[in-house]
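This report walks through selected local features of one protein chain. Please keep the sequence and the coordinates at hand while reading.

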Amino acid sequence: EPLEGSNAWVVAPAKSATGRPILASDPHRAYSAPSLRYITHLSAPQLDVIGAGEPALPGISIGHNGHIAFGLTIFSIDQEDLYVYALNPANPDQYLYQGQWEAFTTLRETIAVKGGKPVEAELRFTRHGPVIHSEPGKNRAFAVRSAWFEPGMAPYFGSIHYMYASNFQEFQTAMANWGAPSENQVYADTKGNIGWVVGGRAPIRPNWDGLMPVPGDGRHEWAGFLAGSQLPSRYNPPQGWFASANEMNLPPNYPYRERKLGFEWASADRYQRLSDVLARPGKVSIEDSLRLQNDVLSTPARRLLPLLAKLQSNDARAQAALNLLRAWDGTVTTGSGAAALFEVWWSRYLGHVFKELLLSKAGAAIIVSPDTTLLLNALEKPETVFGMDAVAKRDWVLLTSLAMAFANTERMLGSDPVQWQWGKLHHALITHPFANAVDSATAAKLNIGPLPTPGSGNTPNQAGYDPRNFRQTGGPSFRIVVDVGNWDNSRAINMPGQSGDPDSPHYRDMTEMWRKGEYFSLLYSRKKVEAATVKRIVLQPK
């Protein structure tokens, strides 16, 4: 599960328990202290916007402005290409372009080194971008072209424009020049409209798809970018809701599919769970959205458990694993022993045994783990990949890997499965960048955790982890649910806290709320904000 994931959804008034739109957004990133995002309220004569941005960047990228609400997830546009250049044998400072030798652009930087001599660094660029590797012996060099290097691509800075929008057309216009990262933007407004807009620079590759390196000799040049209006969007979808969780969501009839916008998408596990909940008959409430952001039902578990229902094994460990998992509902809670066994099985053994059976040694060594969708589809429909005796081979994979997982879980958590808990393995440790440079007492003050945490990389409460030590690698540090129009009823949380000062009481005070799935009221009206004010800082020019 990629770290750069997220969930976001919008619910139309007809589907909403409030009679107003609801917007929810929880971006997933690597955890850090201080928090990656900062919740703020910018109030000025022509602007009254609240939500979260990144401290290094002006503006609010997720939140609302009293007219519209907005949230985001990553949309996987392929914005980079790797170019391969032939070097001039007589002059390695030149590369071939359109039949002519062209000189690299060279910059030299002096890097100061504490306690040592400065180091001189030489940076080389082609017309496409920075050189990342050279092979003089082969007269070859490699450089990357990226949309991120184009003018106006400052990440998230596009929010400066849509913060002022008051309707869907203005929002689309503001998103038309969005640069990076490429995004699904969800939208709702006080008139009851909801929508989806994709933003990001999408290179037009006239004669290749971008999957493989290409010669940098001029035969593979971008022909500009798709216009913002050519990227997907929806307005007031008939089902009354829209959700995004980084899944492949290009519409089937999208006219620019042949442009191959992207190839690498997150597994649809999280989206499937969001869709199952939001598509149920009946209304969706604010509280439903809060619960859904913290939902820990595993879609892979829900698909795999039926395959185990009728299996039996002569291996005591495999049978014990079957007995434990059959009584489980597929929710990855901290106190669940079955969740611990399942995640050990899923992350360490199931994919490993599957690939070892199907691939050569060389192939198995190259592929770290099978694609989630491919693995689940193959196990549900074994005849598509296993050949002769497909069901028997599939069942052998399940039982063999289960026995291995049970033995491994015993070694880590003890011989009594009743005592097993996922939270004894799975944990979050939020580290400060300075932690390794200070003494242990100071590091303990800077870091937060370790904390037992629920979820996995496949649950809406995204909690992907390193399978070597089960340390959570990222997830939602910021969450927001907006009651569009009744703004004071909106909720938010920002882990570990709002302050970057470890001596401040607000450095880590939201951590336990976040872990428990709790929120605070994101007050917006002047009256409510004034009534809740604890401290006021007034800056006055001299």
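Ser-134 has Ala-141, in strand 13, as its bridge partner. The model is a predicted one. The two strands involved are strand 12, residues 131-135, and strand 13, residues 140-146; they pair in the antiparallel sense over four bridges. Together they form a hairpin, with four residues between the strands. Asn-139 sits in the turn and has a positive phi of about 50 degrees.

**Positive phi outside glycine**

Two further residues have a positive phi. Gln-98 is not a glycine, yet its phi is near 50 degrees. Asn-236 is not a glycine either, and its phi is positive at about 50 degrees. The table sets out where these two residues lie and how accessible they are, with Val-368 added as another loop residue.

| Residue | Loop between | Relative accessible area | Class |
|---|---|---|---|
| Gln-98 | strand 8 (91-97) and strand 9 (100-103) | 55% | exposed |
| Asn-236 | strand 17 (233-235) and strand 18 (241-244) | 33% | partly exposed |
| Val-368 | helix 8 (361-366) and helix 9 (372-380) | 74% | exposed |

Val-368 counts as exposed because its relative accessibility, 74%, is over the 50% cut-off. Asn-236 is only partly exposed, because 33% falls between the 20% and 50% limits. Val-368 can also be placed against Lys-355. The two are 13 residues apart along the chain, and their C-alpha atoms are separated by 9.2 Å.

**Helix 7**

Lys-355 falls within the residue range of helix 7, 337-358. This helix has 22 residues. From first C-alpha to last it reaches 30 Å, close to the 32 Å expected at 1.5 Å a residue. Helix 7 also has a kink of about 50 degrees, centred on Trp-346. Most of the helix is covered, with 16 of its 22 residues buried. At the N-terminal end, Ser-336 acts as the cap. A side-chain oxygen of Ser-336 lies 3.4 Å from the backbone nitrogen of Ala-338.

**Nonpolar cores**

In soluble globular proteins, nonpolar side chains tend to be buried together. Here the largest nonpolar core holds 50 residues. Which of its members touch the most others? They are Tyr-162, Phe-171 and Leu-261. Several elements give two or more residues to this core, among them strand 1 (6-11), strand 4 (47-53), helix 2 (168-175) and strand 24 (478-483). Strand 6 (68-74), strand 14 (183-189) and strand 15 (194-199) also belong to that list.

A second core is separate and has 44 residues. It includes Leu-341, Val-397, Leu-399 and Trp-420. Leu-341 lies within the range of helix 7, residues 337-358.

Back in the largest core, Phe-171 has a broad set of contacts along the chain. Leaving out residues up to four places away in sequence, Phe-171 touches Ile-68, Phe-70, Tyr-162, Ala-165, Gln-185, Tyr-187 and Val-197.

**Asn-167, before helix 2**

Asn-167 is found in the loop between helix 1 (159-162) and helix 2. Is this residue buried or partly exposed? Asn-167 is partly exposed, because its relative accessible area is 30%. Its contacts, apart from neighbours within four places in sequence, are with Ile-68 and Tyr-187. Phe-171 touches Ile-68 and Tyr-187 as well. A polar atom of the Asn-167 side chain lies 3.2 Å from the backbone nitrogen of Gln-169. Asn-167 and Ala-437 are 270 residues apart in sequence, and their C-alpha atoms are 49 Å apart in space.

**Cis peptides and the loop before helix 12**

A cis peptide bond joins Gly-449 and Pro-450, with omega about 10 degrees. Pro-450 lies in strand 20, residues 448-452. The peptide bond from Met-495 to Pro-496 is also cis, and its omega is near 5 degrees. Pro-496 is in the loop between strand 25 and helix 12.

Ser-499 has its place in the loop between strand 25 (491-494) and helix 12 (511-516). Why does Ser-499 count as buried? Its relative accessibility is 17%, and the cut-off for buried is under 20%. The side chains of Ser-499 and Ser-504 are joined by a polar contact of 3.5 Å. Beyond residues up to four places away in sequence, Ser-499 touches Pro-34, Ser-504, His-506 and Tyr-507.

Terms used. Residues are numbered from 1 along each chain as its sequence is written. This is a predicted model: local features need pLDDT of at least 70, side-chain atom pairs count only at pLDDT 80 or more; totals for chains, interfaces and linings use all residues. Side-chain values use heavy atoms; hydrogens and water are left out. Two strands pair if DSSP finds at least two bridges between them. The expected span of a helix is 1.5 Å times one less than its number of residues. The bend at a residue is the angle between axes fitted to the seven residues ending there and the seven starting there. Buried means under 20% relative accessible area, exposed over 50%, partly exposed in between (1.4 Å probe, protein chains only). A polar contact is a pair of N or O atoms within 3.5 Å; within protein, one must be able to donate a hydrogen and the other to accept it, and residues adjacent in sequence count only if both atoms are side-chain atoms. A nonpolar core is a set of buried Ala, Val, Leu, Ile, Met, Phe, Trp, Tyr and Cys residues joined through side-chain atoms within 4.5 Å. Contact means heavy atoms within 4.5 Å.
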